[in-house]
Amino acid sequence: ENAIAKQRTVRFPYYSIARDVESERTVNPYALLHDRESWYVIGLDQDAKDIRTFRVSRVRGDIRFATRRERDFRAPAAFEPAEYRGRQDWQFGEIVGEAEIELDPNTAWWAERMIERGEVEEDLFTTPYAGLDALAGWVLRQEGRARPLAPPDLVKEVERGLGRVVEAHEDE
């Protein structure tokens, strides 16, 4: 019997905000984590065959046991839940790159003190990211106090977002 088969497993309907879809998830839960005023379940997603983080408020129904084994849950010995604390929205998932964003001085001061996973040198904010859409959203919420420099896809995503804002307000 392999290690995955020995794990205790649960199933639940889950709404993915990034894909705007609800799907049935089968997960070996490893930890329950409170971070940034929300609860998250961290565990091995059976379909993705990778550790994923699920926001509890996006579970859309009953959580059911998927196995008949005893109902205690054990994380692998090497699993460390603290590695998941302090992530920003753009850092959930597999890190695929690093972004550079120029910040106004007051925003750089704030980012240096409030964002754990990233660095600020002078007014340049460097941050790892898993998804550009969430990072572009953060840049746009800074209302001009943050300007993306790299990667080029982040710059394009912010430009598209600004275009949508302009388009939404053209008739006002």
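## Exercises on a predicted model

The crossing of H3 and H4 is right-handed. Please keep in mind that the structure is a predicted model. Let us start with this helix pair and work outwards.

**Exercise 1. Describe how H3 and H4 pack against each other: what is the angle between their axes, and which residues make the contact?**

Step 1. Fit the two axes: those of H3 and H4 cross at roughly 55° and come within 9 Å.

Step 2. Classify the angle. Angles under 35 degrees would count as roughly parallel and those from 65 to 115 as roughly perpendicular, so at roughly 55° H3 is oblique to H4.

Step 3. List the residues in contact. H3 contributes Leu 132, Leu 135, Ala 136, Val 139 and Leu 140. On the H4 side are Asp 153, Leu 154, Glu 157, Val 158, Gly 161 and Leu 162.

Step 4. Sort them by class: eight residues of the contact are nonpolar, one is polar and two are charged.

**Exercise 2. Find the residues that touch the most other members of the largest nonpolar core, and say which element gives the largest share.**

Step 1. Take the core itself, which has 18 residues. Those touching the most other members are Trp 90, Ile 101, Leu 103, Phe 125, Leu 135, Trp 138 and Leu 154.

Step 2. Map the core onto the elements. Two or more residues come from each of strand E6 (97-103), helix H2 (105-114), strand E8 (124-129), helix H3 (132-141) and helix H4 (152-169).

Step 3. Pick out the main contributor: H3 supplies five residues, the largest share of this core.

Step 4. Look for a further core. Another one, of seven residues, lies apart from the largest, and its members include Tyr 30, Ile 42, Phe 79 and Tyr 84.

Step 5. Zoom in on Leu 103. Setting aside neighbours within four places in sequence, Leu 103 is in contact with Ala 108, Ala 111, Asp 123, Phe 125, Trp 138, Arg 145, Ala 146 and Arg 147.

**Exercise 3. Examine the backbone at Glu 122, Glu 143 and Pro 151: where does each residue lie?**

Step 1. Begin with Glu 122, in the loop between strand E7 (119-121) and E8. Its phi is near 60°, a positive value in a residue other than glycine.

Step 2. Check the accessibility of Glu 122. The cut-off for exposed is over 50%, so at 74% relative accessibility Glu 122 counts as exposed.

Step 3. Move on to Glu 143, in the loop between H3 and E9. Phi of Glu 143 is also positive, near 50°, and Glu 143 is exposed, with a relative accessible area of 66%.

Step 4. Finish with Pro 151, in the loop between strand E9 (146-150) and H4. The peptide bond joining Ala 150 and Pro 151 is cis, with omega about 0°.

**Exercise 4. Step back to the whole protein: how many helices and strands are there, and in what order do the elements run?**

Step 1. Count the elements: the protein has four helices and nine strands.

Step 2. Read them from the N terminus on, which gives α-β-β-β-β-β-β-α-β-β-α-β-α.

Step 3. Gauge the extent. The C-alpha atoms fill a box of roughly 55 × 40 × 25 Å along the principal axes.

Step 4. Add burial and contacts. Of the 172 residues, 36% count as buried. Among contacts with a separation of 6 or more, 56% are between residues 24 or more positions apart.

Methods
Residues are numbered from 1 along each chain as its sequence is written. This is a predicted model: local features need pLDDT of at least 70, side-chain atom pairs count only at pLDDT 80 or more; totals for chains, interfaces and linings use all residues. Side-chain values use heavy atoms; hydrogens and water are left out. A nonpolar core is a set of buried Ala, Val, Leu, Ile, Met, Phe, Trp, Tyr and Cys residues joined through side-chain atoms within 4.5 Å. Buried means under 20% relative accessible area, exposed over 50%, partly exposed in between (1.4 Å probe, protein chains only). Contact means heavy atoms within 4.5 Å. Axes are lines fitted to C-alpha atoms, for helices over the stretch in contact, and angles run from 0 to 180 degrees between N-to-C directions. Angles under 35 degrees count as roughly parallel, over 145 as roughly antiparallel, 65 to 115 as roughly perpendicular and the rest as oblique. A crossing is left-handed if the near helix is turned anticlockwise from the far one by less than a right angle, and right-handed if clockwise. Ala, Val, Leu, Ile, Met, Phe, Trp, Tyr, Cys and Pro count as nonpolar, Asp, Glu, Lys and Arg as charged, and the others, Gly among them, as polar.
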